[in-house]
Amino acid sequence: MPLWPLPLLIALLFLVAAHAAYLLSIQAGHVPACVPYLEGCVSISRAARHGDGNHLFRLLVIPCAVLHALVWWLARLWLRGGRLMLALGAMSAIALAVYATFLGTEGEAYRFLRRYGVVVYFGFGYLAQLALMRRASRMQALPASVIAWMSWIAMAMLGLGIANVVAGLAVSDPVAKDRWENIFEWWLGLLMVGWYGVLAFSWRRQRVAVTLPANT
């Protein structure tokens, strides 16, 4: 069974979930309409917090979290090792599932789970990606060109994280600060799923597959 459709599905499901939920929320009047990558009028969380947009987001993102865990488990088999990578990837997947499950719920405890769910998803997922790149490079399991693309995406994500911190310190207006944070969040999500898209492309080109046991 070829493995490339799994990381591709991660990218597609996350992209469709975030943007379709935003469109549904705009139609229902829950959020303003804008180009969030440039104007930052709404965060991904707020775009998917209400009504049908929330239901669609959960419907797509919770299976996406399961795919995350599966991809990291298969990546460990493919690279014949990488327990830390698998642990980081699994924690990232669990955090994404928690975030999606409690998005739209009220209460301080639920707010805590949502807030730290998205932080752990991005943080641990980023570290898992670095671990895969390091091991794949050492084992020459991926072409140098693919490692280069992954590295550029990883550096862009790191740059966004640093820029977010700098903006938080330099911008005093809370409205402007929220807009910058929203812009960074949308671009960070796009880069994160873009990395999985590169992995899918490479697995397809290299015909990476898993052999299923035959029925006896």
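## Close-up views of a predicted model

**View 1. Leu24 in helix 1.** Leu24 belongs to helix 1, which covers residues 5-27; helices here are DSSP runs of H or I with at least four residues, numbered from the N terminus. The structure is a predicted model, in which local features need pLDDT of at least 70 and side-chain atom pairs count only at pLDDT 80 or more, while totals for chains, interfaces and linings use all residues. Residues are numbered from 1 along each chain as its sequence is written, and side-chain values use heavy atoms, with hydrogens and water left out. Leu24 is classed as partly exposed because its relative accessibility is 30% (buried, under 20%; exposed, over 50%; partly exposed, in between; 1.4 Å probe, protein chains only). The C-alpha atoms of Leu24 and Val119 stand 25 Å apart in space, and the two residues are 95 positions apart in sequence. Val119 is one of the residues nearest the centre of the largest pocket, which is the subject of the next view.

**View 2. The largest pocket, with a volume of about 950 Å³.** A pocket is an open set of points on a 1 Å grid over the protein atoms alone, with protein on both sides within 12 Å along at least five of seven lines; lining residues have an atom within 4 Å of a point. Points are joined across faces, edges and corners, and the volume is the space filled by probe spheres set on them. The lining of the largest pocket comprises 33 residues, and its centre is approached most closely by Val118, Val119, Asn164, Glu181 and Glu185. Four helices each contribute at least two lining residues: helix 3 (44-47), helix 6 (108-139), helix 7 (144-170) and helix 8 (174-206). Helix 8 makes the greatest contribution to this lining, namely nine residues. By residue class, the lining contains 15 nonpolar, eight polar and 10 charged residues (nonpolar: Ala, Val, Leu, Ile, Met, Phe, Trp, Tyr, Cys and Pro; charged: Asp, Glu, Lys and Arg; polar: the others, Gly among them).

**View 3. The largest cavity, enclosing about 60 Å³ of space.** A cavity is a set of grid points where a 1.4 Å probe fits but cannot get out. The structure contains two such cavities of 30 Å³ or more. Around the largest cavity are Phe14, Ile44, Leu96, Tyr99, Val118, Tyr121, Phe122 and Glu185. Helix 5 (83-102) and helix 6 each provide at least two of these lining residues, and helix 6 has the largest share, with three. The lining consists of seven nonpolar residues and one charged residue, with no polar residue. Val118 and Glu185, which line this cavity, are also among the residues nearest the centre of the largest pocket.

**View 4. The second largest cavity, holding about 40 Å³ of space.** Its lining is formed by Phe14, Leu15, Ala18, His19, Tyr37, Ile44, Trp186, Gly189 and Leu190. Helix 1 and helix 8 are the elements that give two or more residues to this lining. Helix 1 gives the most, with four residues. Seven lining residues are nonpolar and two are polar, and no charged residue takes part. Phe14 and Ile44 line the second largest cavity and appear in the lining of the largest cavity as well.

**View 5. His19 in helix 1.** His19 contributes to the lining of the second largest cavity. With a relative accessible area of 28%, His19 is partly exposed. The C-alpha atom of His19 is separated from that of Phe57 by 9.2 Å, the two residues being 38 residues apart along the chain.

**View 6. Val146 in helix 7.** Val146 counts as buried because its relative accessibility is 3%. Its C-alpha atom lies 7.2 Å from that of Val198, although the two residues are 52 residues apart along the chain.

**View 7. Positive phi values at Arg80 and Gln140.** Most residues other than glycine have a negative phi. Arg80, which is not a glycine, has a positive phi of about 55 degrees. Arg80 is situated in the loop between helix 4 and helix 5 and is exposed, at 64% relative accessibility. Gln140, likewise not a glycine, has a positive phi of about 55 degrees. The loop between helix 6 and helix 7 contains Gln140, whose relative accessibility of 72% places this residue in the exposed class.

**View 8. Leu77 in helix 4, which covers residues 51-78.** Leu77 is partly exposed, since its relative accessible area is 45%.
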